[in-house]
Amino acid sequence: MSEGEEAASTKTIGDPWGPWDPLSPREVADLFEGVASPWWISGGHAIEFAVGRRFRPHEDIDVLLLRRDRHVVQEVLADWEWWAADPPGTLRPWLIGETLPPRVHDIWCRPDPSAPWRLQFMLDAAEGDDWVYRRDGRIRLPVARLGGRSPDGIPYQVPQIPLLYKARGRRAKDERDFSEVLPLLGSEQRRWLTEALALVHDEHPWIDRLRMEGY
């Protein structure tokens, strides 16, 4: 590949080079019907599943995969384009069979070069039967307890996991997600999130609000 071709195949995240038109959770579930590897709707959509209603718009859709199951993307979306979000701030094509380095934990997908982006996959680590928080390996949860199912059978991530990721940014939509789901978290979920936040964001204001709800 020449230098010009290489530059053309790498895109800077944030440049106006392509819009998003995300799939709905139902469309994702239809694509992944019959896949044996675990996967979960994540991000704001997962919070809404936990709340039981839609309460805000979404610019994209996140699907969590365990890193060891990343091959599922290329198998299920065999005719699509797959782009790896490669820090610091670029997208590059993800080649068939390529092992992604640990620093790459997001994959953007679209049906073809002229189509909008439809789906983003998040890759998280696992050790044995445990999911491992990629920003601090002390924070874990059994994979078997990582998700629930919507009334129509769509797998989604339990809300304390996306909230842990959202806590660092504290964007307006993250604050809304936390406020909407907080009264619905079970005592074990509140305790787990409180302890996890104390490890990585020890002065985070969500900690006091979680404690006020009680365990």
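Does R56 count as buried or exposed, and at what relative accessibility? Keep that in mind while we walk through this predicted model; R56 is one of the later stops.

**Stop 1: the whole chain**

Start with the full protein chain in cartoon view, where you can find eight helices and 11 strands. Its C-alpha atoms fill a box of roughly 60 × 35 × 35 Å along the principal axes. The radius of gyration is 18 Å, which agrees with the value near 17 Å that a compact globule of 215 residues would have.

Now switch on the surface. The accessible area comes to about 10700 Å², and carbon and sulfur atoms hold 50% of it. Of the 215 residues, 48% count as buried. If you draw a contact map beside the viewer, look far from the diagonal: among contacts with a separation of 6 or more, 61% join residues 24 or more positions apart.

For a look at charge, colour the 28 positive and 36 negative charges; their mean positions are 5 Å apart.

**Stop 2: the largest nonpolar core**

Next, select W131, I161, L163, L164, W192 and L197. Within the largest nonpolar core, which has 30 residues, these touch the most other members. To see where this core comes from, highlight α3 (43-51), β3 (62-66), α5 (160-166), α6 (172-181), α7 (187-200) and α8 (205-213), each of which supplies at least two of its residues.

Zoom in on W192. Beyond its neighbours within four places in sequence, W192 is in contact with W131, I139, R140, L141, Q160, I161 and L164.

**Stop 3: the other core**

Then select V73, W82, W94 and L123. They are among the 26 residues of another core, which lies apart from the largest one.

**Stop 4: H45**

Go to helix α3 and pick H45. With a relative accessibility of 9%, H45 counts as buried, because buried means under 20%. Show the residues around it: leaving out those up to four places away in sequence, H45 touches P25, H58, D60 and I61.

**Stop 5: R56**

Finally, select R56 in the loop between α3 and β3. Here is the reply to the opening question: R56 counts as buried, at 10% relative accessibility. Display its contacts as sticks, setting aside neighbours within four places in sequence, and you will find G44, E48, K166, K173, R176 and D177.

Notes. Residues numbered from 1 in each chain as written. Predicted model: local features only at pLDDT ≥ 70, side-chain atom pairs only at ≥ 80, totals over all residues. Heavy atoms only, no water. Core = buried A, V, L, I, M, F, W, Y, C linked by side-chain atoms within 4.5 Å. Buried < 20%, exposed > 50% of the residue type's maximum accessible area, 1.4 Å probe, protein only. Helix = DSSP H or I, 4+ residues; strand = E, 2+ residues; numbered from the N terminus. Contact = heavy atoms within 4.5 Å. Rg over C-alpha atoms; globule rule 2.2 N^0.38 Å. Areas by Shrake-Rupley, 256 points an atom, 1.4 Å probe, with all protein chains shown as cover. Lys, Arg positive; Asp, Glu negative; His and termini not counted. Charge placed at Lys NZ, Arg CZ, Asp CG, Glu CD.
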